[in-house]
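These are my notes on where the nonpolar side chains sit, inside and at the surface.

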Amino acid sequence: MSLRGTVALLLFLACLSQLTFAADSIRGARRKGRRLESRGDKNISVHKGLFKTKSKAQCLWVARGEDNYTMTVTCKRGNEDGFSCKYTAKPATCTEYGSNPLGYWKQIAKSVRRQKKLCADPRALIRAGICKRAPLDAHFKLIETSQEKPPTEKTPTTTNTTRQCTERTDHSEVAKEMCGDSWASLCAFVFTIIQSGDC
């Protein structure tokens, strides 16, 4: 290989390593998770995340603190009025938090997303799975909620529009036609089960 070819190859490899380094630093800057904010002489850790509830409300949670964390959850659905609340916890009381803080915050984010009565139930804790044996202070507990009532999960209600059949439909003719003589009794049974609500 000539000197020119060798120099060109070395320049190419140097550029490639610079691009890889730049891509890694961009990924690190975009990484969701924690960042430190400097306020006076304290370093306050901030963790945040976005999620959607089953009722299609867009929610943002932000946890700030040093030892005692306060998590603010704010949800809004479209142009409607939203709701917000605050939770508090002391993650340092969980021994696993000291060895794996990133895992703790990932599990908190997952727990917030899965919370069924978000901002509504003061007994429901937002828990990190790695802190199962930790004191209750390690888990986030509801301390304050906004004036707006958060939407609760809607359960389908039954109305009094059920029809009652006064006459039984004989499915044997249809069963013979659709399934043949050998399977007619089984088909008639299936038709009766399927159409039991409809006359």
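I looked first for the largest nonpolar core, meaning a set of buried Ala, Val, Leu, Ile, Met, Phe, Trp, Tyr and Cys residues joined through side-chain atoms within 4.5 Å, and found that it has 29 residues, with Trp-61, Met-71, Val-73, Tyr-87, Trp-105, Ile-108 and Phe-140 making the most contacts inside it. I noted that β3 (58–65), β4 (69–76), β5 (83–89), α3 (101–114) and β7 (140–145) each supply at least two of its residues, and that α3 gives the largest share, 5 residues. Helices (H or I, at least four residues) and strands (E, at least two) are DSSP runs, numbered from the N terminus.

This is a predicted model, in which local features need pLDDT of at least 70 and side-chain atom pairs count only at pLDDT 80 or more, while totals for chains, interfaces and linings use all residues. Residues are numbered from 1 along each chain as its sequence is written, and side-chain values use heavy atoms, without hydrogens and water.

I then checked Met-71, which, neighbours within four places in sequence left aside, is in contact (heavy atoms within 4.5 Å) with residues including Trp-61, Tyr-87, Ile-108 and Phe-140.

In α3, I listed Gly-103, Tyr-104, Trp-105, Ile-108, Ala-109, Ser-111 and Val-112 as buried, that is, under 20% relative accessible area, where exposed is over 50% and partly exposed lies in between (1.4 Å probe, protein chains only).

Last, I turned to Ile-194, which lies in helix α5 (residues 184–194) and is exposed, with a relative accessible area of 61%.
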